[in-house]
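Q: Could you take a close look at one small part of this protein for me? Please begin with a single residue and what it touches, then show me how that spot fits in with the rest.

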Amino acid sequence: MPLTLYGAILSPFVRKVRIVLAEHDIAHEHVPVPPFQQPDWYRDISPLGRIPAIRDGELNLADSAVIAQYLEDTYGQTSLYGDNPQQAAQVRWLEKYADYELAPWATFAVFRNRIVKPVIGQHCDETQVREALDDRLPPLFDYLEGLLDGRRYFVGERLTLADIAVTCQLINLAHAGELIDELRWPNLSSLLSQVSARSTVSALLPAEHQLVGKMKEKASGSLTQPQ
């Protein structure tokens with residue numbers, strides 16, 4: 001029985017795991033599970049009801065960082081954690097930075113307000129969006145830009161989970177209509193372009209763009225309907 005991934009394709013954390021699966025060429029099935037109003041059986045796999053989660057044989061795992069490490073340890077042929085313990089520690093730090101510092105503003109403030117809320121009948125809080133874009137995200141980007149400093153990748157000379165985790169948050173920003181300022185953050189903008197161009201990432205994006213388009217159409221229709 002192949003490994004099964006559960007989650008919604010527009011989640012940056014689900015996307016992260018999908019990219020790891022593709023980078024390691026791991027056969028799997030994908031079962032769509034939304035972040036909210038999940039089926040009752042999903043709690044048996046993800047006790048906190050969060051996405052993503054996986055089932056591999058008798059093993060159930062939730063949390064994208066835990067899943068990525070498990071996939072690396074179990075199936076990985078080319079390391080996504082660098083070449084030594086020092087690089088692995090740097091990768092884990094930057095993955096955590098993406099998940100806990102970038103995500104609250106890139107995904108939960110900008111993407112959720114611009115894309116998700118209108119679909120479920122809630123108004124976009126543009127004040128929160130502007131706070132994220134004008135005040136919260138720039139210093140986070142400044143830090144990442146300084147780390148890259150003309151290099152292609154954050155850690156070492158090849159793609160790692162650090163690059164994947166950061167890129168996944170930037171993709172959600174792009175879905176919400178916000179691109180990295182390539183004049184202010186040229187290295188970060190270049191990273192987004194080159195990682196997005198990898199076949200393991202680019203293969204995922206058409207379906208995401210299509211879904212975002214449908215969500216925008218639905219939101220537009222709901223906003224124009226008489227109350």
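**A close look at Ile51**

A: If you skip its neighbours within four places in sequence, Ile51 is in contact with Tyr6, Gly7, Ala8, Ser11, Phe13, Val14, Val33, Pro34, Pro35, Gln38 and Tyr42. Keep in mind that this is a predicted model. Ile51 itself sits in a loop, the one that runs between strand S2 (28-32) and strand S3 (53-56). Is Ile51 buried or exposed? Its relative accessibility is 13%, and the cut-off for buried is under 20%, so Ile51 counts as buried.

Now let's follow one of those partners, Phe13. Ile51 touches Phe13, and Phe13 also belongs to helix H1, where it helps make a helix-to-helix contact. Helix H1 covers residues 12-23 and packs against helix H2, residues 64-75, with the two axes 9 Å apart and an angle of about 5°. Angles under 35 degrees count as roughly parallel, so H1 and H2 are roughly parallel. On the H1 side, the contact is made by Phe13, Lys16, Val17, Val20 and Leu21. On the H2 side, Ser64, Ala65, Ile67, Ala68 and Leu71 do the job. Sort those residues by class and you get 8 nonpolar, 1 polar and 1 charged.

Time to zoom out a bit. The chain is divided into domain 1 (4-75) and domain 2 (85-221). Going by C-alpha atoms, the centres of the two domains are 20 Å apart. The domains do touch each other: 16 residues of domain 1 are in contact with 26 residues of domain 2. For a sense of distance from our starting point, take Ile51 and Ala106, which are 55 residues apart along the chain and have their C-alpha atoms separated by 17 Å.

Lys16 from helix H1 gives us a way across. Besides taking part in the contact with H2, Lys16 is in contact with Ile164, whose other partners beyond four places in sequence are Ile19, Leu80 and Leu159. You'll find Ile164 in helix H5, residues 161-175. Ile164 has 0% relative accessibility, so it counts as buried. Another residue to compare in position is Ser193, 29 residues from Ile164 in sequence and 12 Å away in space, C-alpha to C-alpha.

Stay on helix H5 for a moment and look at Thr167, which lies there too. At 1% relative accessibility, Thr167 is buried. Leaving out neighbours within four places in sequence, Thr167 touches Leu191, Leu192, Val195 and Ser196.

One more helix pair rounds things out. Helix H3 (residues 85-119) packs with helix H4 (residues 126-148), again with axes 9 Å apart, but here the angle is about 155°. Over 145 degrees counts as roughly antiparallel, so that's the label for H3 and H4. Their crossing is left-handed. The contact between them has 18 nonpolar, 2 polar and 6 charged residues.

Gln90 lies in helix H3. Its relative accessible area is 42%, so Gln90 is partly exposed, whereas Ile51 back in its loop is buried. Gln90 and His175 are 85 residues apart along the chain, and 28 Å separate their C-alpha atoms.

How values were computed:
Residues are numbered from 1 along each chain as its sequence is written. This is a predicted model: local features need pLDDT of at least 70, side-chain atom pairs count only at pLDDT 80 or more; totals for chains, interfaces and linings use all residues. Side-chain values use heavy atoms; hydrogens and water are left out. Axes are lines fitted to C-alpha atoms, for helices over the stretch in contact, and angles run from 0 to 180 degrees between N-to-C directions. Helices (H or I, at least four residues) and strands (E, at least two) are DSSP runs, numbered from the N terminus. Angles under 35 degrees count as roughly parallel, over 145 as roughly antiparallel, 65 to 115 as roughly perpendicular and the rest as oblique. A crossing is left-handed if the near helix is turned anticlockwise from the far one by less than a right angle, and right-handed if clockwise. Ala, Val, Leu, Ile, Met, Phe, Trp, Tyr, Cys and Pro count as nonpolar, Asp, Glu, Lys and Arg as charged, and the others, Gly among them, as polar. Buried means under 20% relative accessible area, exposed over 50%, partly exposed in between (1.4 Å probe, protein chains only). Domain bounds come from an automatic or database domain assignment. Contact means heavy atoms within 4.5 Å.
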